[in-house]
Amino acid sequence: MDEQLGGLCLLLKQGDFSQASQLANTLLIERLDDKKLIFAIDACSFWINFFNRIKGITGNIERADSILIEWKNYLGYLENPKFHIDETIEYCVRHGVFSTALNCYSQIVLFETQMQEAEIRRKAGLCYKKLGEYITARQLLSDANNLTPGNAWILAELADCMALSGEDRPAKVLFREAFFIDAQRVDLDLLDSQLIRCIISEVADKGYSGDILKEWIGVYGQLMGVFSVKRQLKNGEVEKIRQKIYALENEMKDPACKQDLIIPRLCNLYFWLIDHMALMNNENSRINEILMKIKILDPNIYKIYVR
């Protein structure tokens, strides 16, 4: 990379999108049709417009949260086929955006509640993850999880961080846990590891999207052999699973119910119960009963599961 492009990348990484845009436009005069520069100008334009819109927001939490929300809008913006996305420029833009958000979160030292502290630590951990600083990200996310245990969003981010660090086994455990606890709380757009993206892509290819796609992640994670690391359930957890199954099975009897959401939820609960029974080694007849329920609920899932 030449010195001028190096200067452009530095400005982007610093989050100085106005100066970066000016430099890119200047360089484009001598490098007509340079796709790297054109992409940089388009990206800068998006973020310049955004930061102009939020000039009136002075609170650090509000400002940083707005940046994280806008990042998802930016990902949608980049789906336009007119863009020739350059990986180097994209990385530098991401660095600038999340560094700016992190700077806001880092200035927050007083927390109103334990839950707020956990949220700030989670969001700061997300920023560090996006910056590739996985050790710091994991520490913050672990702190957040200790403050509010059982939060699906935090567990998914922690799992993603572990997967990006090459620790697939604990990542599989945490991802499986997160999508079991509450799939709707997990923000798929912010997950980056290939471990989870491959499942998301598989489910999307089957025509699912939105909330329904989230519910199928736990099911296909198991069917694809990704969520392969299991744990022994506690007695209280087993009872809760049985209660949830009972409630959903009754809900399915209502013609007006949301079957598209209930079917994958039930499948996932059945899988967890079967895994528990298999570990107990003495409940084969009950496992067969549940397998029959899966077969009735979704024959295709049953065929994949038992093959």
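**Largest pocket**

I looked up the largest pocket in this predicted model and noted a volume of about 300 Å³. I then listed what lies around its centre: of the 14 lining residues, W71, E90, R94, K130 and D192 are the closest to it. Helices α4 (60-77), α5 (87-106) and α6 (114-130) are the elements that each give two or more residues to this lining. I also sorted the lining of the largest pocket by class and got seven charged, six nonpolar and one polar residue.

**Second largest pocket**

Next I took the second largest pocket, whose volume is about 210 Å³. Its lining is made up of F179, F180, I181, D182, A183, Q184, E215, K244, L248, R265, N268 and L269. I asked myself which elements give two or more residues to this lining. They are α9 (168-182), α12 (235-251) and α13. Helix α9 supplies the largest share, with four residues. By class, I wrote down six nonpolar, four charged and two polar residues for the second largest pocket.

**Cavity**

I then turned to cavities. How many of 30 Å³ or more does a search of the whole structure find? The search returns one. For the largest cavity I noted a volume of about 30 Å³. The residues that line the largest cavity are R176, K230, R231, L233, W272, D275, H276 and L279. I checked which helix gives the most to this lining, and α13 (residues 259-280) does, with four residues. Sorted by class, the cavity lining holds four charged residues, three nonpolar ones and one polar one.

Helix α13 therefore has two entries in my notes: it is among the elements that give two or more residues to the lining of the second largest pocket, and it gives the most to the lining of the largest cavity.

**Backbone at D33**

Last, I looked at the backbone of D33. Its phi is near 65 degrees, which is a positive value in a residue other than glycine. I flagged this value since most residues other than glycine have a negative phi. Where does D33 sit? I found D33 in the loop between α2 (17-30) and α3 (35-53). I also wanted to know whether D33 is buried or exposed. The relative accessible area of D33 is 65%, and the cut-off for exposed is over 50%, so I entered D33 as exposed.

Notes
Residues are numbered from 1 along each chain as its sequence is written. This is a predicted model: local features need pLDDT of at least 70, side-chain atom pairs count only at pLDDT 80 or more; totals for chains, interfaces and linings use all residues. Side-chain values use heavy atoms; hydrogens and water are left out. On a 1 Å grid over the protein atoms alone, a cavity is a set of points where a 1.4 Å probe fits but cannot get out, and a pocket is an open set with protein on both sides within 12 Å along at least five of seven lines; lining residues have an atom within 4 Å of a point. Grid points are joined across faces, edges and corners, and a volume is the space filled by probe spheres set on the points. Ala, Val, Leu, Ile, Met, Phe, Trp, Tyr, Cys and Pro count as nonpolar, Asp, Glu, Lys and Arg as charged, and the others, Gly among them, as polar. Buried means under 20% relative accessible area, exposed over 50%, partly exposed in between (1.4 Å probe, protein chains only).
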